[in-house]
Amino acid sequence: MGKVRFLFFAAVMCTFLAVTAWSTWNYERTFRTVTTNTQTSAWALAQLEIDVYRLQETLKLYQTGHADSKQLSLSYDIAWNRMDVFLTGEATRAIRQRFAAEELVRRILDVLQRHERAIAVPSPSDPTLAQMSRELDALTPRLRDIMVQNFTGPNALQETHLLDEAKIRNFAAIGILLLFSLIMLALLFRESKKQHFLAWNDVLTQLPNRAAFMHQLAQLTAAPEAQVVLCLVDLSRFKEVNDSFGHAAGDRLLAQIAELLQQHRNEEVYLARIGSDEFALVMFGNMSGYSWFAYSRKIYNQLERLLHSEDPAHRVKLNMGISQYPQHASSVEEMVLFADLALLSAKQDKQLHYQVFNRFMLDQYQRKRLLAGHLQELLAEPQNTELYLCYQPIINISQPQQLGVELLIRWNHPKLNFINPPDIIQIAEENGLGEKLGEWLFRRMRHDIARFPADTLRHIHFSINLSSSIFNQNLVNRVSDWLQGGPLPASQLILELTENIALEDVQLSRKIFTQLKEKQIRIALDDFGTGWSSFSYLKDLSFDKLKIDKSFIKHLDRDKRLPLFVQAITDLSHQLGISVVAEGVETESELRKILEIGANEIQGYYYSRPLSADAFLDYARHYLASNVRETRTRTDLA
Amino acid sequence: MNTWRNSLVTLALLGSAAHAMAADDVILTVTRSAGQAHHFTLQQLAALPQASIITATPWTTGKHHYRGVAISTLLQQLQITPQALKVHALNDFWARIPTAVALQYQAILATHVDGQPMSRRNKGPLWIILPLSEHPELNQEKYHNYMVWQARTIEAE
């Protein structure tokens with residue numbers, strides 16, 4: 001397309017040049033013809049007339065004795081020469097051929113030539129001279145006529161006409177040039193308009209883009225007393241539509257959304273597409289006062305309906321986050337940030353996908369930012385006391401000489417007290433600190449267990465929770481590095497994964513699992529029962545352990561249905577060769593029930609709450625001492 | 001001057017009386033700003049180094065051979081270097097020729113065409129000739145006007 005356009009412009013430029021050259025040449029030619037014709041012929045005629053008149057005059061003066069023979073001869077020669085010139089050469093050709101001028105001049109010259117002798121040897125009283133004078137007198141008025149005709153006759157006009165024609169041709173040429181210029185201007189104008197549109201608009205939906213959106217927001221908030229409501233619309237898990245149905249389908253959905261938004265917009269709503277799956281509705285004027293809520297709810301419902309029909313699997317979720325200027329925010333940047341926070345809150349909330357910004361969201365955001373900063377500092381100094389590990393024992397029913405333990409992270413913040421462990425993980429993940437956190441965990445564990453007697457440590461199996469960012473191809477190398485230098489052998493390490501971590505890419509997960517197994521590192525599926533609890537994990541990935549979530553264990557003894565699920569999971573796991581761990585066992589009757597069902601390992605307050613490293617060491621020593629003794633006794637007895 | 005005229009009177013060219021131009025008739029007068037006048041007869045001009053130009057003109061048919069004295073030669077002879085030459089003709093026509101043009105294009109004061117002296121009836125006795133055929137750029141009105149025929153007097157300016 002660009003090449004075609006270039007050729008077109010080149011052609012236009014060539015036309016410009018050609019027309020200009022032609023027009024100049026044409027005018028030049030006509031001008032030359034006209035001027036040479038008019039000027040030379042006028043001059044030649046006028047001179048001819050003068051010279052003939054002079055001859056007549058001199059002739060008369062000579063006859064009356066007032067001129068001498070030399071003067072007569074001179075004016076005779078001059079007239080002759082003039083007529084001779086007139087009758088030959090290119091310069092006077094045009095005039096010669098008009099008005100029978102040539103014939104007349106020849107006749108006059110003939111008169112001169114016939115009386116040559118009378119001029120050569122003159123006598124004032126020579127009747128031949130008088131005869132010559134009469135003959136000239138008879139002819140000269142016709143010379144005058146030709147003069148007049150040449151100036152005023154149709155031929156003179158014809159010359160003007162020629163010039164006029166040239167003028168018209170030039171006007172036509174200029175007209176063509178102007179036309180081409182206009183076409184070119186129009187094309188350039190269209191092109192620049194298109195460029196302008198592309199700079200400020202999104203190609204797919206034709207809506208303004210993020211740059212235009214920010215510009216518009218700044219303008220809308222610039223007016224004093226301006227009120228603006230910003231509503232951000234976001235599709236979570238939109239990527240899955242692209243992944244499973246192709247980008248064309250994804251694009252179509254986005255275009256439909258844009259169309260729907262366009263249909264419902266009014267003159268007090270500004271629309272923009274500000275991200276791949278993010279739209280903005282800016283409401284101003286009256287809309288920002290009272291009707292924005294109803295309007296945005298309506299849009300929400302309409303979009304919901306559209307998504308339901310276009311994405312029958314309901315994977316894509318619609319979220320809306322709203323902020324108000326100046327009620328919430330004092331600047332454009334704040335307004336966008338606050339709407340983003342509301343949107344984030346909408347995404348995280350399972351029920352309310354429509355959220356209006358409130359101060360609590362900002363507090364949360366600021367708290368997280370603050371914590372992120374702190375966490376980064378803490379992870380940099382491994383020996384800090386704010387961040388530490390707790391150890392919760394896991395009792396192995398069939399192998400009492402072995403003791404399991406799960407490492408739990410604790411953060412005792414000086415101002416905010418204890419931070420919820422999932423929050424710590426989330427903050428680390430959101431701020432790219434996942435790997436640092438993993439490294440810290442291992443380092444702190446090694447530090448804690450350094451004083452464990454080898455005889456005790458030998459019997460303890462450590463479970464560590466992995467965050468999603470470290471679950472990648474480098475996991476095995478990294479964990480091996482972190483274990484380097486002991487004292488814990490890889491065979492005593494269990495990595496706990498939640499469903500969502502391993503689900504992202506089953507192929508990759510399988511590869512990582514194989515690598516871990518080669519190092520004798522075991523893998524546990526954590527919190528089973530809280531997520532999708534899909535059997536496909538158990539089918540596709542070979543876990544060593546399965547941890548049943550505490551929500552299945554609590555009131556297990558009193559509920560009628562719960563044991564059915566737990567029993568089924570346990571039986572299936574056992575048939576797959578997976579060991580079952582029950583989490584959150586708190587009472588003796590829960591323990592009895594779960595033992596009845598056949599769980600292999602028990603974790604929970606019934607045995608012990610999470611302990612400090614020292615306390616856990618004590619616990620482990622006692623536990624192992626009594627069990628080893630018991631086992632020995634039993635063996636001895638046998 | 002008188003002895004010149006007397007001794008050369010017999011050498012006057014004869015033929016047709018009207019065509020006849022006595023060799024000792026003054027045919028060219030060059031005047032200088034100081035008021036000095038230099039007169040030349042055809043014979044005197046013929047005694048100066050000759051130059052020729054073969055050219056066509058708008059007033060003649062076909063190319064002809066013109067011979068005479070180059071203007072540069074004439075100025076050299078008179079040892080003058082004027083800015084321009086105002087050439088007057090017998091018929092009261094005149095033209096002002098920049099000396100630079102006359103020198104650059106080697107203009108001549110032609111006295112002969114195709115070996116024959118030029119009569120008054122045929123643009124003689126002197127015709128300023130520029131080499132139009134050799135230099136097509138000269139073929140325009142401005143230069144045509146410099147080509148004064150029946151030249152008689154030159155004012156050196």
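**Entry 1, the interface.** I began where chain B meets chain A, and across that interface the rule finds 4 salt bridges. I noted for myself that this is a predicted model, so that every value below is a computed one. I looked up one salt bridge by name, that of A:R54 with B:D92, and found its closest N and O atoms 3.1 Å apart, which lies inside the 4 Å that the rule allows. Polar contacts came next, and across the interface of chain B and chain A I get 6 residue pairs, both residues of each being at pLDDT 80 or more. By class, the side of chain B that touches chain A divides into 7 nonpolar, 7 polar and 5 charged residues.

I then asked how many residues are in contact, and I wrote down 19 residues of chain B against 21 residues of chain A. The two chains bury about 1800 Å² between them, and carbon and sulfur atoms carry 48% of that area.

**Entry 2, aromatic rings.** Over all chains I find 20 aromatic pairs. The pair of A:W292 and A:F293 is edge-to-face, with 5.8 Å centre to centre and 85° between the planes. I checked the accessibility of both residues: A:W292 counts as buried because its relative accessibility is 9%, under the 20% cut-off, whereas A:F293, with a relative accessible area of 43%, is partly exposed.

The pair of A:F338 and A:F357 is stacked, at 4.2 Å centre to centre and 0° between the planes. I looked up where these two residues sit, and the pair links distant parts of the chain, 19 residues apart: A:F338 belongs to helix α12 (residues 332-348) of chain A, while A:F357 lies in the loop between β5 (354-356) and α13 (359-380) of chain A. Are these two rings buried or exposed? A:F338 has a relative accessibility of 3% and therefore counts as buried, and A:F357 counts as buried at 4%.

I also followed the ring pairs outward from A:W292 and found that they link A:W292, A:F293, A:Y300 and A:Y354 into a cluster.

**Entry 3, A:I425.** I placed A:I425 in helix α14 (residues 421-430) of chain A, and its relative accessible area of 30% makes this residue partly exposed. Which residues does A:I425 touch, once its neighbours within four places in sequence are left aside? I found A:I425 in contact with A:L437 and A:S467. As a last check I took the C-alpha atoms of A:I425 and A:E116, which are 309 residues apart along the chain, and noted a separation of 133 Å.

Key. Residues are numbered from 1 along each chain as its sequence is written. Chains are lettered from A and ligands numbered from 1 in the order in which they are written. This is a predicted model: local features need pLDDT of at least 70, side-chain atom pairs count only at pLDDT 80 or more; totals for chains, interfaces and linings use all residues. Side-chain values use heavy atoms; hydrogens and water are left out. Contact means heavy atoms within 4.5 Å. Buried area is the accessible area (1.4 Å probe) that two parts lose on being put together, summed over both. A salt bridge is a side-chain nitrogen of Lys or Arg within 4 Å of a carboxyl oxygen of Asp or Glu. A polar contact is a pair of N or O atoms within 3.5 Å; within protein, one must be able to donate a hydrogen and the other to accept it, and residues adjacent in sequence count only if both atoms are side-chain atoms. Ala, Val, Leu, Ile, Met, Phe, Trp, Tyr, Cys and Pro count as nonpolar, Asp, Glu, Lys and Arg as charged, and the others, Gly among them, as polar. Rings of Phe, Tyr and Trp (its six-membered ring) pair if their centres lie within 6.5 Å; planes under 30 degrees apart count as stacked, over 60 as edge-to-face and the rest as tilted. Buried means under 20% relative accessible area, exposed over 50%, partly exposed in between (1.4 Å probe, protein chains only). Helices (H or I, at least four residues) and strands (E, at least two) are DSSP runs, numbered from the N terminus.
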